[in-house]
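The exercises below go with the sequence and model shown here. Try each task before reading its solution.

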Amino acid sequence: EQGDSRPFFQIVADDVTGRVIGSTPVSGTYHSRSEFLGGAAGQLFERFAEPLVAEVTAVHEAGDTVVLQWQGTSRGVNGRPYNQDYCWVMRLADAKVVDVVAYLDTALVDDMFAD
């Protein structure tokens, strides 16, 4: 269903390596799906006053690499809007995402952690 990001995480390998660019509170390298969901995604989702609505805007593939462009919208608990453009570069193996680098507006992420 459009807007629901949960189905995406079903195709992410348990032992995925994920990197979130920048120096935000959620930036860094994660070494499993549970670490990513509890770390980067979990920390950011806690800062939202309403669920994140995801909309895929483009998908490009070359061999085992898929580039996913998507928008995520919500509102921070601090009242500020969250209108994020993401670009995730992913490597797949056996129909699972095994490596991902997430590019995004890091200033907007920082804004969600500001009071």
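**Exercise 1.** Which residue stands opposite Gly 28 in S2?

Solution. The model is a predicted one. Start from Gly 28 in S2 and look across to its partner: Val 20 stands opposite. Next, take the strands themselves: S1 and S2 are joined by three bridges and run antiparallel. Then widen the view to the open sheet, which is formed by six strands in the order S2-S1-S6-S5-S4-S3, with mixed pairing. Strand S2 (28-30) and strand S3 (53-62) are its edge strands, each pairing on one side only. On average, neighbouring strands of this sheet are turned by 20° against each other, direction ignored.

**Exercise 2.** Find the residues with the most contacts inside the largest nonpolar core, and say which elements build this core.

Solution. The largest nonpolar core has 28 residues, and Tyr 82 and Trp 88 have the most contacts inside it. The elements that give it two or more residues are helix H1 (6-9), strand S1 (12-20), H2, strand S4 (65-75), strand S5 (81-93), strand S6 (96-103) and helix H3 (106-112). Now follow Tyr 82: not counting residues up to four places away in sequence, its contacts include Leu 44, Phe 48, Leu 108 and Met 112. Leu 44 is also one of the buried residues of H2, which include Phe 36 and Ala 40.

**Exercise 3.** Compare the span of helix H2 with that of a straight helix of 13 residues.

Solution. At 1.5 Å a residue, a straight helix of 13 residues would span 18 Å. Between its end C-alpha atoms, helix H2 (residues 33-45) spans only 15 Å.

**Exercise 4.** Is Asp 99 buried or exposed, and what does its salt bridge with Arg 19 tie together?

Solution. The relative accessible area of Asp 99 is 17%; buried means under 20%, so Asp 99 is buried. Arg 19, at 30% relative accessibility, counts as partly exposed. Their side chains meet in a salt bridge of 3.2 Å, N to O. Asp 99 lies in strand S6 and Arg 19 in strand S1, so the pair ties together parts that are 80 residues apart in sequence.

**Exercise 5.** How far apart in sequence are the parts that Asp 115 and Arg 47 tie together?

Solution. The side chains of Asp 115 and Arg 47 meet in a salt bridge of 3.7 Å, N to O. Asp 115 lies in the segment after H3 and Arg 47 in the loop between H2 and S3, so the parts they tie together are 68 residues apart in sequence. Asp 115 counts as exposed at 84% relative accessibility, whereas Arg 47 counts as buried at 19%.

Technical notes. Residues are numbered from 1 along each chain as its sequence is written. This is a predicted model: local features need pLDDT of at least 70, side-chain atom pairs count only at pLDDT 80 or more; totals for chains, interfaces and linings use all residues. Side-chain values use heavy atoms; hydrogens and water are left out. Helices (H or I, at least four residues) and strands (E, at least two) are DSSP runs, numbered from the N terminus. The expected span of a helix is 1.5 Å times one less than its number of residues. Buried means under 20% relative accessible area, exposed over 50%, partly exposed in between (1.4 Å probe, protein chains only). A nonpolar core is a set of buried Ala, Val, Leu, Ile, Met, Phe, Trp, Tyr and Cys residues joined through side-chain atoms within 4.5 Å. Contact means heavy atoms within 4.5 Å. Two strands pair if DSSP finds at least two bridges between them. Axes are lines fitted to C-alpha atoms, for helices over the stretch in contact, and angles run from 0 to 180 degrees between N-to-C directions. A salt bridge is a side-chain nitrogen of Lys or Arg within 4 Å of a carboxyl oxygen of Asp or Glu.
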